[in-house]
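Got your viewer open? Let's take a walk through this protein, one selection at a time.

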Amino acid sequence: QLQLVESGGGLVQPGGSLRLSCAVSGFTLDDYTVGWFRQAPGRERTGVACISQSSGYTNYADAVQGRFTISKDNARSTMYLQMNSLKLEDTAVYYCAAVSREQWDNYFCSGSPTPYNHWGQGTQVTVSS
């Protein structure tokens, strides 16, 4: 059974940092395109960052470019989102997601939730003074 479990969320002051982790099981992380998404109350789920399985290409939302870094450790079956210089508007529930090479074979990863068919349960990130 494929499973993704996020951790590392919490309360942080503006300008602070957090590192989210997503531990996966039931599949090989290296065979999947993966991404981080977030959803604030009353708003749609949007892409934050992603890594393409086929190329290693990474993509970031404009709102987090230069502040957030996505990475993965295939040996540990874990992906990460390092978040620096956090802002009030980064407050949201953060989700990790994955889609297999068979279902998404593209040089670029998708910043849209649509092709991702495996999701974690989410972790809350609150940026507040």
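How much area does the protein chain expose, and what share of it do carbon and sulfur atoms supply? The chain exposes about 6,500 Å², and carbon and sulfur atoms supply 44% of that (Shrake-Rupley method, 1.4 Å probe).

Before you click on, a quick note: this is a predicted model, where local features need pLDDT of at least 70, side-chain atom pairs count only at pLDDT 80 or more, and totals for chains, interfaces and linings use all residues. Residues are numbered from 1 along each chain as its sequence is written, and side-chain values use heavy atoms, leaving out hydrogens and water.

Switch to cartoon view. You'll find zero helices and 11 strands (DSSP runs, H or I of at least four residues for helices and E of at least two for strands, numbered from the N terminus).

Next, select W36, V48, F68, I70, L81, M83 and Y94. Of the 28 residues in the largest nonpolar core, these touch the most other members. Such a core is a set of buried Ala, Val, Leu, Ile, Met, Phe, Trp, Tyr and Cys residues joined through side-chain atoms within 4.5 Å; buried means under 20% relative accessible area, exposed over 50%, partly exposed in between (1.4 Å probe, protein chains only). Now pick F37, C50, C109 and Y116, which belong to a second, separate core of six residues.

Last stop: P113, in the loop between β9 and β10 (118-119). P113 has a relative accessible area of 25%, so it counts as partly exposed. Show its neighbours too: P113 touches F37, R45 and W119, leaving aside residues up to four places away in sequence (contact means heavy atoms within 4.5 Å).
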